[in-house]
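Hi,

Here is the structure I said I would pass on. Have a look at it first, and then read on for what turned up when I went through it.

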Amino acid sequence: MKKFLLSILALCLASTAAMAQTSDAVKASTGLYTGDLYVSFDPINEETEVTGQQTVELTADGANTIQFALRNFAFGEMQLGDIIIPAIEVALQNSKVSFGEKEALRMTLGKGETAIDCAVKILSTSSQIENNKLVVNLDITWFFGEEQTPIYVRFVGDKVEASAAVKASVGDYTGDLYINLGAPIDDTTEVTGQYKVELTAAGANSINFALRNFSFGDLQLGDIVIPNMPVSMNGTKVTFGDMEPLRMLLGEGETAIDCSVKVDPATSYVENHVLFVNLDIVWFMGEDQTPIYVRFNSSEWVGLQHVSIAKKTGRIYSIDGHYAGNSLEGLSRGIYVQDGKKIYVK
C-alpha cells in the first residue's frame, strides 16, 4: 500500500512539474512591445491613420498561455482604461508565435457616463509575433441598447527591453495613505486608511501609476491613473521624472471633482521594494483652487503579480523573481514566494 501511495505521489509531482514548465511559445512572446495603434469604426487598411503610440504587455499566466494587456486605451475623447485578456493560448512554429482561438470577452471599458459595454476578441488568424514584432488585431463590439457598433483596433510594435528602473519598480504595493485638505502632510497627519498602488510597465523607461479606489471623506473618487511616467535609477533608488500636472475628473455625477494630479518627483521614489509617493492634487471649483495633499507609503510589495501557475508547484522564488529551488533548507535570510504566498526565512 505504501509503495502504491508513493507511486501516486510521484505521478502527481511529475504532472505538476510538467504543467509548470513554461513553453517556448510563452518564453518567445512575453515582454513589452511599443509601436503604433490604429482605432477606427471602419475596417483598418493601408489608408487608416495611426491613432497614437502605445505599449502592449504580454505576460505568462500558464505553461502555454499568456495575458494580453493594452493599457490606457482611448478612443477619441473617451478614456477607456485597460484592455486585459487572460489565458490566451500560444504556439510556436519555426520563428512565428501564433495565438489560439478564444471567445470574445465581455467587459466594461471606462467609467461613468463614458463607460461602454462591449465584447473584445483577438483575431487569431491575423495576429502573431515574428522576429520580435507583434501584430494584433482586436474586434470590439460596442453594445448600447439594441444597437451593436464594431470598433476595429490594430497594434503593430517591436519588443523592447525594460530598463533596470522599470524592472525594479513594477509591482503591487499596499500601504498607508495620508490625505490633507489645504495643508501639507506632516508628522501629525493621521493615516486615512490602507490602499493599493499598482505600477505597471509602460515602455522601456516608463511606468503607469494607479492608485486604486481613492476616496476623500464621503467622496468615492475611483482610480487615479497617471500613464507613461519616466523612471530612472539613482544607485538603489528608482526616481520619477518630472511631468506636467494631469487634468482629470475623479468620481461620478454630482460628487465628481475636476482636478489636476501630479507626482512630486523630488520626494517620490521606490527603494528596496518600498514605494513612497507624494501626490499634489488641485481641486478646481469655479474660480477657486483648493490643494489636496496625498501621501502613500507602502508596507507590502508583490513583484510577481503577473505570474500565475495553474496548480501549486512548490517552486520557490526570491522576491526579485529568481528561482531558488523547492526547499527552504539552506536559503539565506529574506523574503521568498512559494505558490503565490510570501514566506519569511529567518
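Ser169 is buried, with a relative accessible area of 0%. Before I go further, please keep in mind that this is a predicted model. Ser169 sits in helix α3, which covers residues 164–169. What does Ser169 touch, leaving aside residues up to four places away in sequence? Its contacts are Leu199, Ile207, Val238, Val270 and Trp301.

Now for the chain as a whole. The protein chain has 3 helices and 24 strands. It runs to 346 residues, and 40% of them are buried. If you take the contacts between residues at least 6 apart in sequence, 49% join residues at least 24 apart.

On to the nonpolar cores. The largest one has 41 residues, and those that touch the most other members are Phe209, Leu211, Phe214, Ile224, Leu275 and Leu279. Strand β14 (residues 219–234) gives the largest share of this core, with 6 residues. Ile224 is worth clicking on: setting aside residues up to four places away in sequence, Ile224 touches Phe209, Ala210, Leu211, Phe214, Met248, Leu250, Val261, Leu279 and Ile281. There is also a second, separate core of 35 residues, and Leu37, Ile85, Leu134 and Val153 are among its members.

Then the salt bridges. I get 12 of them in the structure. One pairs the side chains of Arg71 and Glu57, at 3.8 Å from N to O. Arg71 belongs to strand β3 (residues 65–75) and Glu57 to strand β2 (residues 52–60), so this pair ties together parts that are 14 residues apart in sequence. Are the two partners buried or exposed? Arg71 is buried, with a relative accessible area of 9%, and Glu57 counts as buried too, at 11% relative accessibility.

A second pair joins the side chains of Lys196 and Asp172, again with an N to O distance of 3.8 Å. Here Lys196 comes from strand β12 (residues 193–203) and Asp172 from strand β11 (residues 171–181), so the salt bridge ties together parts that are 24 residues apart in sequence. Lys196 is partly exposed, at a relative accessible area of 33%, whereas Asp172 counts as buried at 18% relative accessibility.

Strand β12 also supplies a partner for another pair: the side chains of Glu198 and Arg212 meet in a salt bridge of 3.0 Å, N to O. Glu198 lies in β12 and Arg212 in strand β13 (residues 206–216), so the pair ties together parts that are 14 residues apart in sequence. Glu198 counts as buried, with 17% relative accessibility. These residues do not stand alone, either: Asp172, Lys196, Glu198, Arg212 and Asp223 are linked in a network of salt bridges.

Asp223 turns up again in the second largest pocket. That pocket has a volume of about 1300 Å³. Of the 40 residues lining the pocket, Gln79, Gly81, Lys111, Asp223 and Leu249 are the closest to its centre. Which elements give two or more residues to the lining? They are β3, β4 (78–93), β6 (105–109), β12, β13, β14 and β16 (246–250). By class, the lining of this second largest pocket is made up of 16 nonpolar, 13 polar and 11 charged residues.

Last, the cavities. How many are there of 30 Å³ or more? The structure holds 1. The largest cavity has a volume of about 40 Å³. Lining this largest cavity are Ile226, Met243, Glu244, Leu246, Val261, Lys262 and Val263. Strand β17 (residues 257–263) gives the largest share of that lining, 3 residues. Sorted by class, the lining of the largest cavity has 5 nonpolar, no polar and 2 charged residues. Val261 links this part back to the core, as Val261 lines the largest cavity and is also one of the residues that Ile224 touches.

If you only have a few minutes with the viewer, I would start at Ser169 in helix α3, go on to Ile224 and its contacts, and then follow the salt-bridge network that takes in Asp172, Lys196, Glu198, Arg212 and Asp223.

Cheers

Terms used
Residues are numbered from 1 along each chain as its sequence is written. This is a predicted model: local features need pLDDT of at least 70, side-chain atom pairs count only at pLDDT 80 or more; totals for chains, interfaces and linings use all residues. Side-chain values use heavy atoms; hydrogens and water are left out. A salt bridge is a side-chain nitrogen of Lys or Arg within 4 Å of a carboxyl oxygen of Asp or Glu. Helices (H or I, at least four residues) and strands (E, at least two) are DSSP runs, numbered from the N terminus. Buried means under 20% relative accessible area, exposed over 50%, partly exposed in between (1.4 Å probe, protein chains only). A nonpolar core is a set of buried Ala, Val, Leu, Ile, Met, Phe, Trp, Tyr and Cys residues joined through side-chain atoms within 4.5 Å. Contact means heavy atoms within 4.5 Å. On a 1 Å grid over the protein atoms alone, a cavity is a set of points where a 1.4 Å probe fits but cannot get out, and a pocket is an open set with protein on both sides within 12 Å along at least five of seven lines; lining residues have an atom within 4 Å of a point. Grid points are joined across faces, edges and corners, and a volume is the space filled by probe spheres set on the points. Ala, Val, Leu, Ile, Met, Phe, Trp, Tyr, Cys and Pro count as nonpolar, Asp, Glu, Lys and Arg as charged, and the others, Gly among them, as polar.
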